[in-house]
Amino acid sequence: MNITDEKLIEELSNRFAQSRKAFSDLSVVNGKLLEMNERLERSEALKSNFLSNIRNEINNPLNAIIGLAGQLAIVGEGNKEITFLSSLIGAEANHLDFQLRNIFMAAELEAGEANPRCVKVHIATSLRDLVDSFRHTAAKKNVSLQLILPEYEDGALAAIDVEKFQIIISNLLSNAIEYSNVGGVVEVSISVGGDGCLQISVQDHGVGIAPEDQQRIFDRFVQLETGTTRSHLGHGLGLSITKTLVDLMQGSIKLDSSLGQGTRFTVILPPCSILEDEDSFSEAGNLFLFDNMSEA
Amino acid sequence: MGCGERIIKHFLFPGTIFADPFECQISTVLGSCVAVCLWDHVLRRGGMNHMMLPFWNGEGLATPKYGNIAMEKLLSKMLLIGCHREHLVAKVFGGANVSGTDLELFMIGDRNITLAMDMLEKFRIAVVAKDVGGRVGRKIIMNSESGVVLVGKGRRAASGG
């Protein structure tokens, strides 16, 4: 095929023009993206500051309400109505406390101030208390909670960050109850592996999660069913906090689920390498063998 | 956490930030992660972050695991403990290519370094020392009062934070 020089030059200059245009389009888009990212960061910063400022102002009165509801129950013992009302106040305030703990933990994580603080605890007791605190919520839906502890490890001590452990398990439990069918069963089991890893699983037999949605549930503010008609409570923060906490504790979380069959979340937490009041990390936690330190 | 009379030792976990008005010894262990130490040479106060990935993509929590967030938050924390931006200097460490591949997609270390350097330039903070890249992990220990950072290099290519 013969092409004249003029045609060749014309075609080439056309193509150059096209790529110049594409390039300038890209620069514009890139600029917009950067601008968007900055705006996002600014609003994130505003939100984080707000949360850390209001933390005490919310926590103090809430703790007072929880405490006073307990007092009221004691004072009004014998009076059916007072006992009923004070237990309602207590339950609602506890629910609010759980939600706020989540929000403040998210704020702490986003501020980069959440450090694992491990202490040795009696893990079975800790888990049993936690499960018991959800019996009231579960009873409302007629869901039964089963705690499965292997015989031998009753009495075993494990080094964990209790507060973070509680938040992780509370979120999984709360979800399992929320997404169970009425009259369903939620099973919580715990075991300690040979390498000292804690393995906790929370299993429900409820609606389940479709495979294509299984990654998305760990994102922030995601609830699979959205809109005003959604049938489940919550703000979609719980699982993103759970995931971030598990990451912070160098653990892992996985889920097995299929639609209509229920969901099982399994959390694996390695033993803490650093304990409160101990400086053991520098020896025990070294991941590498290092040459002599030099100054920079 | 106040540091008081005795120097408090703080181990910095990946994705967290530490800065304190008192003298502290901040240490961390780095693989492909990058840690930026900021130090106010007038006030003699310091802080450190530990980023694992360059950019927050809007999914999950916006934690300082992501470089762009870790840099902003460390700077604002430094200002919060009384430092002045124009008195700050930076030292940058980590960003090793520990996976041993040269595939650009996996060069998280390099991308973390680029992000940290770009952000410091944007903040107009001078980088007075750095020990970045390579194939081995590092352990760093910073004294927040003197601004001195000790670096220990891994003896072999290692995986980790």
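Which two strands of chain A form a hairpin with three residues between them, and which residue in the turn has a positive phi? In this predicted model, the hairpin is made by β6(A) and β7(A), and the turn residue with a positive phi, of about 80°, is A:G260. The two strands pair in the antiparallel sense over seven bridges, and within this pairing A:I253 stands opposite A:V267 in β7(A).

The hairpin strands belong to an open sheet of five strands in chain A, whose order is β2-β4-β5-β7-β6 and whose pairing is mixed. The edges of the sheet are taken by β2 (144-148) and β6 (252-258) of chain A, each of which has a single partner strand, so that one side of each is left without a neighbour in the sheet. Neighbouring strands are turned against each other by 10° on average, direction ignored. Elsewhere in the sheet, strand β4 (residues 185-192) and strand β5 (residues 198-203) of chain A run antiparallel and are joined by six bridges, with A:S189 having A:S201 in β5(A) as its bridge partner. Helix α5 (residues 162-178) of chain A packs on this sheet, where it touches β4, β5 and β7 (262-269) of chain A, and the direction of the helix makes about 20° with that of β5(A).

The loop between β2 and β3 (157-160) of chain A contains A:P150. This proline has 12 C-beta neighbours inside 10 Å and therefore counts as exposed. A:P150 is separated from A:V186 by 36 residues in sequence and by 17 Å in space, C-alpha to C-alpha.

At the level of domains, chain A is assigned a domain 1 (1-114) and a domain 2 (119-269). The C-alpha centres of domain 1 and domain 2 of chain A lie 22 Å apart, and the contact between the domains involves nine residues of domain 1 and eight residues of domain 2. On the side of domain 1 of chain A that touches domain 2 of chain A, seven residues are nonpolar, one is polar and one is charged.

Chain B also holds an open sheet of five strands with mixed pairing, in this case in the order β2-β5-β4-β6-β7. Here β2 (17-20) and β7 of chain B stand at the edges with a single partner strand each, so one side of each is left without a neighbour in the sheet. The twist from one strand to the next averages 15°. The edge strand β2(B) pairs with strand β5 (residues 45-49) of chain B in the antiparallel sense over four bridges, and the bridge partner of B:I17 in β5(B) is B:N49. Two helices are associated with these strands: α1(B) lies across β2, β4 (34-40), β5 and β6 (88-94) of chain B and runs at about 10° to β2(B), whereas helix α2 (residues 108-123) of chain B packs on the sheet by touching β4, β6 and β7 of chain B, its direction making about 25° with that of β4(B).

A further group of paired strands in chain B involves strand β3 (residues 24-30), which is mostly covered, six of its seven residues being buried. β3(B) pairs with β1(B) in the parallel sense over four bridges, with B:F11 opposite B:S27, and with β8(B) in the antiparallel sense over six bridges, with B:T28 opposite B:I140.

The two chains meet through 34 residues of chain B and 33 residues of chain A. On the side of chain B that touches chain A, two or more residues come from each of β1 (8-11), α1 (67-80), β7 (126-132), β8 (136-143) and β9 (149-157) of chain B, and β9(B) gives the most, with seven residues. By class, this side of chain B has 15 nonpolar, 10 polar and nine charged residues.

The largest nonpolar core has 83 residues, of which B:V34, B:A35, B:V36, B:C37, B:L74 and B:A116 touch the most other members. The element that gives the most to this core is α5(A), with eight residues. Because domain 1 (1-114) and domain 2 (119-269) of chain A both give residues to this core, it lies between them. For B:C37, the contacts beyond its neighbours within four places in sequence are B:G46, B:M48, B:A90, B:K91, B:M142 and B:V149.

Terms used
Residues numbered from 1 in each chain as written. Chains lettered and ligands numbered in written order. Predicted model: local features only at pLDDT ≥ 70, side-chain atom pairs only at ≥ 80, totals over all residues. Pairing = 2+ DSSP bridges. Axes fitted to C-alpha atoms, helices over the stretch in contact; angles between N-to-C directions. Contact = placed C-beta atoms within 7 Å. Nonpolar A, V, L, I, M, F, W, Y, C, P; charged D, E, K, R; others polar. Core = buried A, V, L, I, M, F, W, Y, C linked by C-beta atoms within 7 Å. Buried ≥ 20, exposed ≤ 12 C-beta atoms within 10 Å, placed from the backbone. Domains from an automatic or database assignment.
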